[in-house]
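Look at the sequence and the model below before reading on. The paragraphs that follow go from the whole chain to its sheet, and then to one helix and its surroundings.

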Amino acid sequence: MGGDETMEQLLIYVAHPFGGLEENKKKVENFIKSFHRYEGVTFISPIHNFGWRYEETEYEKGIDDCLALLERCDVVTIPNFETIKNSKGCLIEYGFLKANPQIDCVYWDELDGYLKGYLCDGDAK
């Protein structure tokens, strides 16, 4: 594919508490699936990228990898505070966002409205 043929994608980092729990991985999967109708959007899940090594990696290395991925994204979508308040990783990600205002932060329950406003009418099916 040449550069002119590649459509620019909106990269969305999906934050969610993990703790090595499969049920949290499923919550993220179901959340992402609910946005399948949007074209021009790529969802990035650190749980799916790095979760397989959760028990084998030092916490600091794991969060550094997550932040390296997060800083390349256009948007971070994060659950409400009640959901993340006990998640060290989500709170670190949220703090990183506060220090990097060029990355939009959108709560999970507001993402659909954000995408409708962000994308051209023809992109949402």
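What share of the contacts in the protein with a separation of 6 or more is accounted for by residues 24 or more positions apart? The share is 75%, where contact means heavy atoms within 4.5 Å.

This is a predicted model, in which local features need pLDDT of at least 70 and side-chain atom pairs count only at pLDDT 80 or more, while totals for chains, interfaces and linings use all residues. Residues are numbered from 1 along each chain as its sequence is written, and side-chain values use heavy atoms, with hydrogens and water left out.

The protein has 6 helices and 4 strands. Helices (H or I, at least four residues) and strands (E, at least two) are DSSP runs, numbered from the N terminus. Along the sequence they follow the pattern β-α-β-α-α-β-α-α-β-α. Of the 125 residues, 41% count as buried; buried means under 20% relative accessible area, exposed over 50%, and partly exposed in between, with a 1.4 Å probe and protein chains only.

Start with the sheet. Strands of a sheet pair through backbone hydrogen bonds, either parallel or antiparallel. Here 4 strands form an open sheet in the order 2-1-3-4, and the pairing is parallel. Strand 2 and strand 4 stand at the edges with a single partner strand each, so one side of each has no neighbour in the sheet. Two strands count as paired if DSSP finds at least two bridges between them. Strand 1 and strand 2 are paired over 4 bridges, and Leu11 has Thr42 in strand 2 as its bridge partner. Strand 1 is also joined to strand 3, by 3 bridges, with Val76 in strand 3 as the bridge partner of Tyr13. Strand 3 in turn pairs with strand 4 over 4 bridges, where Val76 stands opposite Cys105.

Is strand 3 covered on both faces or on one? Both faces are covered: Val75 and Thr77 on one side are buried, as are Val76 and Ile78 on the other. Val106 lies in strand 4 and is buried, with a relative accessible area of 5%. Not counting residues up to four places away in sequence, Val106 touches Val75, Val76, Thr77, Ile78, Leu111 and Tyr114.

Two of those contacts lead to helix 6, residues 111-118, whose buried residues are Leu111, Tyr114 and Leu115. Why are these three on the same side of helix 6? They cover an arc of only 95 degrees around the axis, which puts them on the same side; the arc is that of the directions from the helix axis to the C-beta atoms. An α-helix has 3.6 residues a turn, so residues three or four places apart point the same way. On the other side of helix 6, Gly113, Lys116 and Gly117 are exposed. The cover over the buried residues of helix 6 includes strands 1, 2, 3 and 4 and helix 1.

Leu111 and Leu115 also belong to the largest nonpolar core, which has 18 residues. A nonpolar core is a set of buried Ala, Val, Leu, Ile, Met, Phe, Trp, Tyr and Cys residues joined through side-chain atoms within 4.5 Å. Ile12, Phe35, Val41, Phe43, Leu111 and Leu115 touch the most other members. Strand 1, helix 1, strand 2 and helix 6 each supply at least two residues of this core. Apart from it lies another core, of 16 residues, among them Ala15, Cys66, Leu67 and Ile78.
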